[in-house]
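Open your viewer, keep the selection box handy, and follow along one stop at a time. Each stop says what to select and what you will find there.

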Amino acid sequence: MNPRILRNLRESAIRAFFFANGVLAVIALLGIFGILLYTAVPAFREIPIDEFLFKKNWDPTSPEKVEYGILSQIVSTLLVTFGALLLAVPIGVGVAAYLSDVAHWRVREIIKPIVEILAGIPSVVVGFLGIVLFSPVLASLFGTSHGLNALNGSVLLAIMALPTIISISEDSLNAVPAAYSEASLALGATRWQTLLRVKIPAALSGIMAACMLGMGRAIGETMTVLMATGNARAFPTGLLQSVRTMTANIAIELGEVPYFTTHYYSLFAVGLVLFIMTFAVNLAADVILNKYQEREQ
Amino acid sequence: MTIFRKIAQFAGFMLLRICLYMVLAILFVFLYDIVSKGGSVISWEFLSQAPRRGMTEGGIFPAIMGTFFVTVMTAVLAIPLGMFAAIYLNEYASQTRLTRLIRLSIRNLSGVPSIVYGLFGVILFVNMLRFGTSILSAGLTLGLMTLPWTITASEEALKTIPNSYREGALALGATKWQAIRTNVLPYAVPGMLTGTVLGLARAAGETAPILFTGAAFFLPILPRSLSDQFMALPYHLYIMSTQHHAIQQVRPIAYGTALVLIALVWGLNMTAIIIRYRLRRKWRR
């Protein structure tokens with residue numbers, strides 16, 4: 001055969017090989033969704049969807065009345081997540097603003113790896129510290145018998161969301177064109193006024209995306225909330241109550257449930273709801289970040 | 001007026017500084033607690049022996065080795081696939097809808113909760129492919145979870161190679177693949193490896209994906225094949241701090257496990273940094 005054709009053939013084969021690897025990511029995402037859907041659907045043969053989503057009680061092993069309502073879990077997940085954001089957003093954006101506007105570059109170079117260290121602590125270790133370190137403090141602070149409650153989970157998730165919020169917020173603050181702050185300073189504004197009224201508003205979309213990514217993390221976090229929030233199945237009425245999130249519920253029950261029963265399928269249905277929720281949040285963050293980058297270019 | 005603005009600026013910056021101090025204080029308290037209480041537990045015995053007496057005594061050797069084996073399995077899947085996909089995205093892909101879809105999928109995969117990867121692993125690897133609860137199933141699940149990180153990190157490494165390297169090779173008549181193989185990969189591999197090892201470090205500390213795909217509560221012997229269950233450091237820490245009947249009694253073991261787990265994750269991080277440094281120096285000559 002003509003060596004040129006052979007060479008072209010080989011090049012095409014190599015290209016096709018790398019292409020297949022790229023497409024694998026799409027297949028994986030569709031595969032995860034497809035398999036969750038496929039395994040969750042049998043659950044809805046016995047549980048009406050509206051009952052599943054809007055009933056409060058989850059009691060699949062009750063001898064009298066079996067119930068599959070995940071509303072308490074959804075509300076618990078959101079309670080812990082928003083509690084975490086309430087703590088993490090102001091602190092995270094504050095640190096990002098400090099690093100981008102106030103700190104000397106040497107300080108910045110030291111702080112960045114330290115924030116990375118915080119991101120590298122495994123979630124099970126964070127959960128462990130929630131049990132041994134935070135829970136006694138919370139118990140004595142609020143006079144409860146133990147500190148395994150939604151607040152404990154919120155504090156820990158806030159700590160875990162901080163690195164994401166700090167690094168992306170700092171990036172977007174740094175991406176604000178220098179001309180903006182120069183113009184503001186030239187008009188006589190102080191650096192603080194410039195930061196507050198010019199830079200932060202200009203970087204707002206990036207900061208929002210950072211917060212949403214942190215939120216996605218918090219919704220999907222499993223081990224920390226499983227260990228630190230007490231796992232009571234009741235409908236949450238406050239941050240000092242023990243709660244059971246969707247992720248924790250899957251982690252607790254999947255190990256004990258017999259395969260291919262309604263209870264088993266319903267746990268995958270919880271996973272499906274979780275997947276859709278985090279997917280929506282992450283997609284929104286992605287769209288915001290992309291719009292922001294396009295504008296910069 | 002000016003004095004008020006100066007005071008406001010001072011107070012504002014002070015507020016930001018306090019935010020930073022809070023974060024540093026949290027990290028310090030975390031590390032101090034684990035290192036001080038875990039450090040006194042660590043001994044050669046603790047690291048080299050199996051748990052004894054219903055896990056109230058003895059060491060964590062099987063958990064260390066289990067985590068090692070499953071991380072190797074994760075690497076086998078995630079490193080080649082991640083690098084190949086990154087090569088496609090950075091070297092071959094043009095701006096088409098499919099490319100955008102691929103990138104979007106990768107970004108969203110990195111946001112899928114780890115417990116959802118666990119559910120996926122239970123169905124696909126444990127049940128459908130009949131690998132059972134095993135090192136193989138757990139490693140593949142973790143590998144899939146790590147993939148988006150390794151792809152992104154590898155692509156970043158490829159992006160840093162100047163276009164003139166590729167153009168130089170192409171101008172001399174090399175094919176695209178030849179140009180990539182001789183003029184891009186040798187310079188990009190250190191960065192690609194660094195990124196993937198960082199991904200592995202995160203995978204080694206994960207618990208939720210291995211809960212139901214292969215981690216064992218108590219298994220004082222080492223796994224002998226890929227289809228065996230295994231003990232793992234993160235899962236052991238979870239058991240020691242929540243599921244054991246004598247939680248207070250085993251607390252020192254939990255602290256020791258936490259310290260070893262953190263040391264392992266940072267050890268991997270340091271390895272990544274050393275790899276980058278070494279290989280960079282080698283290729284500079």
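Is A:C211 buried or exposed? Select A:C211 and turn on a surface: at 14% relative accessibility, this cysteine counts as buried. Keep in mind throughout the tour that you are looking at a predicted model.

**Stop 1: the cysteines**

With A:C211 still selected, add B:C19 from the other chain. B:C19 is buried too, with a relative accessible area of 13%. Are these two bonded to each other or apart? The sulfur of B:C19 has its closest cysteine sulfur in A:C211, yet the two are 13 Å from each other, too far for a bond. A disulfide needs its two sulfur atoms within 2.5 Å, so A:C211 is in no disulfide. You can stop hunting for such bonds elsewhere, as the count over all chains is zero.

**Stop 2: chain B as a whole**

Now show chain B by itself as a cartoon. You should find 10 helices and two strands. Walk along from the N terminus and the order of elements reads α-α-β-β-α-α-α-α-α-α-α-α. If you want to set the view, the C-alpha trace spans about 75 × 70 × 40 Å along its principal axes.

Try coloring chain B by accessibility: of its 285 residues, 53% are buried. A contact map is worth a look as well. Among the contacts in chain B with a separation of 6 or more, 74% join residues 24 or more positions apart.

**Stop 3: where chain B meets chain A**

Bring chain A back and select the residues in contact across the two chains. The selection should hold 74 residues of chain B and 78 residues of chain A. The area buried between the chains is about 7000 Å², and carbon and sulfur atoms give 79% of that.

How many salt bridges cross this interface? The rule finds one. To see the salt bridge, select A:D286 and B:R107, whose side chains meet at 2.4 Å, N to O. For polar contacts between the two chains, the count is 11 residue pairs, with both residues at pLDDT 80 or more.

Next, color the helices on the chain B side of the interface. Those that each supply at least two residues to the side touching chain A include helix 1 (2-39), helix 3 (61-92), helix 8 (176-204) and helix 10 (251-284). Helix 1 of chain B gives the most, with 18 residues. Coloring this side of chain B by residue class splits it into 53 nonpolar, 14 polar and seven charged residues.

**Stop 4: salt bridges within chain A**

Side chains of opposite charge can pair when their charged atoms come close. Over all chains, the structure holds 11 salt bridges, and the next selections take you to some of them.

Start with A:K55 and A:E51, which form a salt bridge at 3.9 Å from N to O. Both ends can be seen from the solvent side to a degree: A:K55 is partly exposed at 42% relative accessible area, and A:E51 is partly exposed at 35%.

Then select A:K112 and A:E170, where the closest N and O atoms of the salt bridge are 3.8 Å apart. This pair links distant parts of the chain, with A:K112 in helix 5 (residues 105-120) and A:E170 in helix 7 (residues 150-174) of chain A, 58 residues apart. Here the two ends fall into separate accessibility classes: A:K112 counts as partly exposed at 36%, whereas A:E170 counts as buried at 2%.

**Last stop: A:E253 and its surroundings**

Finish in helix 12 (residues 246-253) of chain A, where you will find A:E253. Which residue does A:E253 meet in a salt bridge? The partner is A:R244, with N and O 3.0 Å apart. Both residues are buried; the relative accessibility of A:E253 is 9%.

Now add A:H263 to the selection: its side chain makes a polar contact with the side chain of A:E253 at 2.8 Å. To complete the view, show the other residues that A:E253 touches, among them A:W58, A:P60, A:R233 and A:L267, with residues up to four places away in sequence not counted.

Note on methods: Residues are numbered from 1 along each chain as its sequence is written. Chains are lettered from A and ligands numbered from 1 in the order in which they are written. Side-chain values use heavy atoms; hydrogens and water are left out. A salt bridge is a side-chain nitrogen of Lys or Arg within 4 Å of a carboxyl oxygen of Asp or Glu. Buried means under 20% relative accessible area, exposed over 50%, partly exposed in between (1.4 Å probe, protein chains only). Helices (H or I, at least four residues) and strands (E, at least two) are DSSP runs, numbered from the N terminus. Contact means heavy atoms within 4.5 Å. Buried area is the accessible area (1.4 Å probe) that two parts lose on being put together, summed over both. A polar contact is a pair of N or O atoms within 3.5 Å; within protein, one must be able to donate a hydrogen and the other to accept it, and residues adjacent in sequence count only if both atoms are side-chain atoms. Ala, Val, Leu, Ile, Met, Phe, Trp, Tyr, Cys and Pro count as nonpolar, Asp, Glu, Lys and Arg as charged, and the others, Gly among them, as polar.
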